[in-house]
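Hi,

Here is the structure I promised to pass on. Have a look, and then read on for what turned up.

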Amino acid sequence: MTIGARLRRREDHRLVRGAGCYVGDLRVAGCLDAVFVRSDLAHGDLRQVDLEAARATPGVVAAWSSADLPFLPDTPPMMDPESVRGRPWPPLATDRVRYVGQPVAVVVGDDRYVAEDGRDAARVRIDALPVLLDPAEAADSPVRLFAGAGNVASEKTFGEPIDEAVWQQATVVVEATYRQQLLAHTYLETRAILVRPEPGGGLTVWVSHQAPHRLRRDLAGGFGLREENVRVIVPDVGGAFGGKSETWPEYLAVVAAARRLNRPVRWLEDRAEALTGPPHGRGQNQRVRLAADADGRMLAYELHIDADVGGYPHTGAFVPMATSMMATGAYTIPQVSVRSRAVVTNTAPTSPYRGAGRPEAASAIERTVDLLAHRLGLDPAEVRRRNFIGPDAFPYDTPTGFTYDSGDYAAALDVALREVDYSGWRSEQARRRREGGVPLGIGLCTYVERSGAGEEFGAVEACPDGTFVALSGCCSTGQGHETSFPQVVADVLGIEPERVRLVERDTAVVPSGIGSFASRSMQTGGAALHRAAGKLIEAARQRMAETCAVPVGEVTYDAGVLAAAGRSMTLAELAGTGQLRADNTFAPPEGFPFGAYAAVVEVEPELGEVTVLRLVAVDDYGVVVNPLIVDGQGYGSTVQGLGQALYEDVRYDPDGRPLTRSLLDYLIPTLSEVPALRFAETRTPNPNTPLGAKGAGEAGCIGAPPAIVNAVADALALDARDALQMPLTPYTCWSAAR
Amino acid sequence: MKPAPFEYVAARSADDVVAALADGRTEVLAGGQSLVLEMNYRTRRPARLVDINRVPGFDTVEAIGDTVRIGPLVRHQAFESGAVPGQLGALLHRVVRHIAHPPIRTRGTMLGSLAYAHPAAEWPAVITALGAELDLVGAGGRRTVAAGDFFLAPFRTARRPDELLAEVRLPVLPAGTVIGFAEHRRTHASFAQLAVIAAVTLADGRVSSASIGLVNAADRPVRARAAEAALLGRPLDDPAVAAAARAAAEQDADPGPQPYTDLAYQRHTVAVLTRRALDQARTEG
């Protein structure tokens with residue numbers, strides 16, 4: 001059994017020694033560097049782009065605005081085309097700019113230095129228009145970002161309207177407003193693309209990406225090419241977190257430049273570009289109402305979301321919908337009403353960011369449950385227990401339209417309470433409140449999330465030399481597929497995982513694929529390989545049966561060896577008689593991982609500094625193929641969650657100019673900020689796939705922030721919590737406590 | 001994030017540096033930890049850099065009498081490894097560990113930080129509190145400026161474009177001096193939101209002199225004279241410390257708008273940090 005083995009990551013041999021190969025490491029003969037002339041105004045009418053001096057700059061090969069590239073396709077919508085209708089996003093601005101940083105022209109030079117010199121020589125005239133930054137304000141503003149289309153790009157409702165009498169008659173109603181601040185993806189490797197035109201009009205594209213086949217389709221469609229003439233290769237990727245699924249404006253401009261010049265051209269985003277976006281993540285104003293009876297049993301929950309999706313509604317427009325559909329979390333709530341609006345504003349466009357709508361949903365409900373417990377004077381763990389969807393209620397249809405597959409939420413909470421020593425900390429808290437001491441709080445979060453979506457391709461081929469090739473349509477951006485996917489295949493075949501080699505991230509080799517996002521790789525792609533390996537055994541038994549002229553039922557298979565009629569052959573030997581390969585595409589339904597987080601914090605009373613003393617994460621991902629890798633993703637996502645809770649915040653001045661332009665301004669947690677983390681699990685297999693895995697990797701971003709915020713609110717014993725908005729800076733906590 | 005074109009000259013002597021600076025469009029490259037970052041963002045575009053890393057003698061720390069002279073190439077790290085003896089060295093050691101993180105401290109220099117004059121930098125407030133002197137050398141010769149007159153505004157100093165900040169002279173702390181340093185920041189490696197430096201000399205159980213410096217509490221480093229006055233002639237006890245903290249917050253600090261704070265919180269923080277720095281001085285010496 002190799003499923004469940006804590007195998008070390010094969011890819012780390014090269015990655016941690018600096019021997020990885022990222023787009024920026026590629027040496028392609030004659031490659032030029034592209035940079036972008038970008039708008040320095042958040043909203044305005046583009047009057048003039050003068051590139052004469054840019055073109056005259058030594059080393060600059062070309063400089064083009066949209067007028068020079070009339071065949072440049074618009075940035076393709078990835079989903080929800082309705083929100084994009086009437087709001088086109090030209091890769092180079094045509095007549096209007098809608099965020100600071102929007103590309104206005106592309107400058108191509110012999111290297112990045114001279115290209116930036118050319119960029120600085122460009123003269124752009126923009127007449128400023130009024131700037132909208134807050135989504136609620138933008139929704140009602142007479143200022144329109146797009147003529148002929150409203151600022152609300154999409155509005156959706158879920159559940160049913162709640163009668164006003166429900167609120168009036170309930171024993172207790174708690175209300176709150178929360179802000180999910182804008183975050184930067186902060187991947188180690190920023191976005192990057194290198195495009196080489198090939199003889200005959202084709203393209204080879206190396207790109208730091210999560211979905212190479214989709215990019216191929218978009219580029220082929222946008223430039224009138226046949227898909228088979230576009231080869232997309234994803235080399236090593238230094239993190240993606242939802243920001244690299246898209247076909248970004250810069251990519252289209254680089255393709256256009258490479259084709260026009262008939263030379264390789266690359267764009268390596270720099271840190272200043274990456275921090276000012278796009279993409280940004282999160283960005284929601286939330287308003288909640290929760291009604292309950294005197295025992296804390298929930299009666300009705302209302303959630304209103306205004307999401308700022310930036311200057312162009314792109315993949316970010318789908319995020320508030322994801323939040324809406326996860327609104328009720330782990331609880332049975334008789335009446336639910338959710339309204340979400342995706343609103344265009346003059347900030348950089350948003351995209352999914354690790355968690356992609358689920359952190360926002362969990363934060364809203366979990367903070368509100370704690371507020372309810374506080375109002376009723378009940379233990380927040382007990383209030384959760386009274387409202388959990390029971391373990392025998394699955395499959396469970398939520399009021400917002402999902403079907404939860406399986407779960408035991410109380411079990412996860414119990415593990416978290418035990419691992420954190422909940423009763424011990426409650427005693428310590430009581431002692432400090434009695435005798436004095438630094439305010440101490442304990443915060444909980446019991447989350448449910450959604451993982452996987454759609455189909456994925458997987459194939460397994462036996463080779464005559466005794467090795468195996470696994471092909472996947474997924475696309476590792478650091479998750480360790482080279483190690484974990486062979487474990488799945490080896491487990492089914494009963495062989496050593498070292499004999500299986502993974503091939504992915506190249507559209508010329510992998511015939512189709514969706515990619516890696518939404519925690520889908522193992523749940524969907526792993527399940528597809530699991531099935532492919534099973535089909536390979538069946539194909540081998542069939543061939544063995546034919547070879548031995550026996551019914552297939554008489555062929556046995558064990559650990560790579562087939563036996564029938566007194567003969568035995570290995571898969572390798574059988575592969576020597578002709579290609580032995582099984583392909584399949586598998587589309588299991590969405591999975592619903594869940595878990596419980598517990599945080600213990602101290603809030604220094606003089607200056608409001610938060611110290612996280614303990615952070616326990618209990619996650620249920622179903623069957624875990626490689627616990628070492630999953631733990632690693634747990635650390636990463638939990639620390640990213642800590643970042644949202646305490647440090648990270650994309651900020652703009654009132655004119656829409658980004659204030660967080662470097663990592664000196666945009667603070668992320670470093671090793672010095674990482675608290676004592678403890679991981680535990682429960683295991684409820686995914687009932688909808690033979691593999692049984694659910695998505696892993698985003699949970700920490702979902703579970704950690706509300707647990708930490710609830711702990712701070714608990715430490716300060718806050719009756720009203722609207723002042724406690726993330727990031728919980730010392731000043732925020734100090735102000736909230738007054 | 002690539003710098004605009006610039007010329008580069010490597011100086012071999014102080015005269016080389018001064019000669020290079022004479023054109024008024026050349027900047028000094030020492031550790032490069034702030035200058036190069038700004039060049040990469042193109043917020044600074046020096047036409048030429050004069051690199052002082054190969055100038056013999058620029059990296060010396062020298063104690064002469066009751067003064068410690070620090071050259072233009074003394075890295076922050078030197079103050080972690082005991083380059084300055086005595087209680088002054090102990091104060092610098094306590095402060096330096098709050099400057100960025102180790103890789104930056106092995107490159108960046110104290111004089112570079114002084115010349116850069118970042119409002120949240122610790123060294124400017126240290127030398128202001130201690131009443132240090134700075135020597136500037138240009139084509140017109142050498143002149144001395146008191147630390148209190150050197151810093152004019154964020155990123156602005158009395159140094160003229162054609163001058164090298166050649167030396168800073170810090171007074172050795174007299175016998176009986178106790179020291180303290182307290183800083184408030186959001187993460188381990190981020191800039192100080194506020195910080196307070198204290199060096200208090202006691203004679204016969206009473207404060208005979210005090211030097212208190214505030215980091216990022218005004219548009220330039222502050223010597224907290226009102227707080228110092230609140231201590232003079234008194235024992236360093238709770239009431240005196242409280243009075244100094246109040247004076248620092250209400251009279252010495254002159255905070256302006258900053259992210260993640262308001263003026264009341266900044267003044268409150270000055271009071272808390274002043275008290276903590278003085279408490280540290282009287283308990284840890």
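What share of the contacts in chain A with a separation of 6 or more comes from residues 24 or more positions apart? It's 81%, where a contact means two C-beta atoms, placed from the backbone, within 7 Å.

Before the rest: this is a predicted model, so local features need pLDDT of at least 70 and side-chain atom pairs count only at pLDDT 80 or more, while totals for chains, interfaces and linings use all residues. Residues are numbered from 1 along each chain as its sequence is written, with chains lettered from A and ligands numbered from 1 in the order in which they are written.

Chain A has 738 residues, and 57% of them are buried, meaning 20 or more other C-beta atoms lie within 10 Å of a residue's own. Its radius of gyration, taken over C-alpha atoms, is 27 Å, which agrees with the value near 27 Å for a compact globule; that rule is 2.2 Å times the number of residues to the power 0.38.

The largest nonpolar core (buried Ala, Val, Leu, Ile, Met, Phe, Trp, Tyr and Cys joined through C-beta atoms within 7 Å) has 223 residues. Helix H19 (699–716) of chain A gives the most to this core, 12 residues; helices are DSSP runs of H or I, at least four residues. Ile708(A), among those with the most contacts inside the core, touches Gly443(A) and Leu646(A), among others, leaving aside residues up to four places away in sequence.

Cheers

Key. Buried ≥ 20, exposed ≤ 12 C-beta atoms within 10 Å, placed from the backbone. Helix = DSSP H or I, 4+ residues; strand = E, 2+ residues; numbered from the N terminus.
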